[in-house]
Amino acid sequence: MPTARPRYPITETAEIAVALEVAAARWPEDRDKPRLLLLHLIAEGMAAVRAADEERVAERRAAVERSSGSATGLFEDGYLEQLRSEWPA
């Protein structure tokens, strides 16, 4: 079918064959349609990557919140002004 969009050929390596078998078990209605199985796998992979990214961001935010305020009181009043006064103008 003609298209202006890029196409991506995929060679059925041993790893791809196993992935197709796994996909066929999950989506048996598409067992004989490797193109659809690959599309299912791509969609599932994208969702997994997005979920992992969101989880990583949530973990980092939680770490920042846990450590928030932990350095309060470590420096005396006027510390920054004193430090900045030593910088060349």
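Biologist: What makes the reach of helix α2 close to the expected one?

Modeller: Helix α2 covers residues 34-67, which is 34 residues, and from its first C-alpha to its last it reaches 49 Å. The expected span is 1.5 Å times one less than the number of residues, and for α2 that gives 50 Å. The value of 49 Å is therefore close to what is expected. Please keep in mind that this is a predicted model.

Biologist: What comes after α2, and what is its phi?

Modeller: Gly69 follows α2, and its phi is positive, near 85 degrees.

Biologist: How do you know how confident the predictor is in the protein?

Modeller: We look at pLDDT, which runs from 0 to 100. The protein has a mean of 95, and 100% of its residues reach 70 or more. Among the elements, helix α1 (residues 14-26) has the highest mean, 98, and helix α3 (residues 79-85) has the lowest, 93.

Biologist: Why is the pattern of the protein written α-α-α?

Modeller: Helices and strands are numbered from the N terminus. The protein has three helices and zero strands, so reading along the sequence gives α-α-α.

Biologist: How do you know whether the protein matches a compact globule?

Modeller: Compare the radius of gyration with the globule rule. A compact globule of 89 residues would come near 12 Å, but the protein has 27 Å. The two values do not match. You can also look at the C-alpha trace, which spans about 75 × 30 × 25 Å along its principal axes.

Biologist: What share of the residues counts as buried?

Modeller: That is 8% of the 89 residues. The protein exposes about 8200 Å², and carbon and sulfur atoms supply 57% of this area.

Biologist: Why is Arg60 called exposed?

Modeller: Exposed means over 50% relative accessible area. Arg60, which lies in helix α2, has 56%, so Arg60 counts as exposed. The C-alpha atoms of Arg60 and Glu29 are 41 Å apart in space, with their positions 31 residues apart in sequence.

Biologist: Why is Ala4 exposed?

Modeller: Ala4 sits in the segment before α1. Its relative accessible area is 85%, which is over the 50% cut-off, so Ala4 is exposed. Ala4 and Val49 are 45 residues apart in sequence and 28 Å apart from C-alpha to C-alpha.

Biologist: And why is Ile16 called partly exposed?

Modeller: Buried means under 20% and exposed means over 50%, with partly exposed in between. Ile16, a residue of helix α1, has 23%, so Ile16 is partly exposed. From Ile16 to Leu38, 22 residues apart along the chain, the C-alpha separation is 9.2 Å.

Biologist: How many positive and negative side chains does the protein have?

Modeller: There are 12 positive and 16 negative side chains, and the centres of the two sets lie 9 Å apart.

Methods
Residues numbered from 1 in each chain as written. Predicted model: local features only at pLDDT ≥ 70, side-chain atom pairs only at ≥ 80, totals over all residues. Heavy atoms only, no water. Helix = DSSP H or I, 4+ residues; strand = E, 2+ residues; numbered from the N terminus. Rg over C-alpha atoms; globule rule 2.2 N^0.38 Å. Buried < 20%, exposed > 50% of the residue type's maximum accessible area, 1.4 Å probe, protein only. Areas by Shrake-Rupley, 256 points an atom, 1.4 Å probe, with all protein chains shown as cover. Lys, Arg positive; Asp, Glu negative; His and termini not counted. Charge placed at Lys NZ, Arg CZ, Asp CG, Glu CD.
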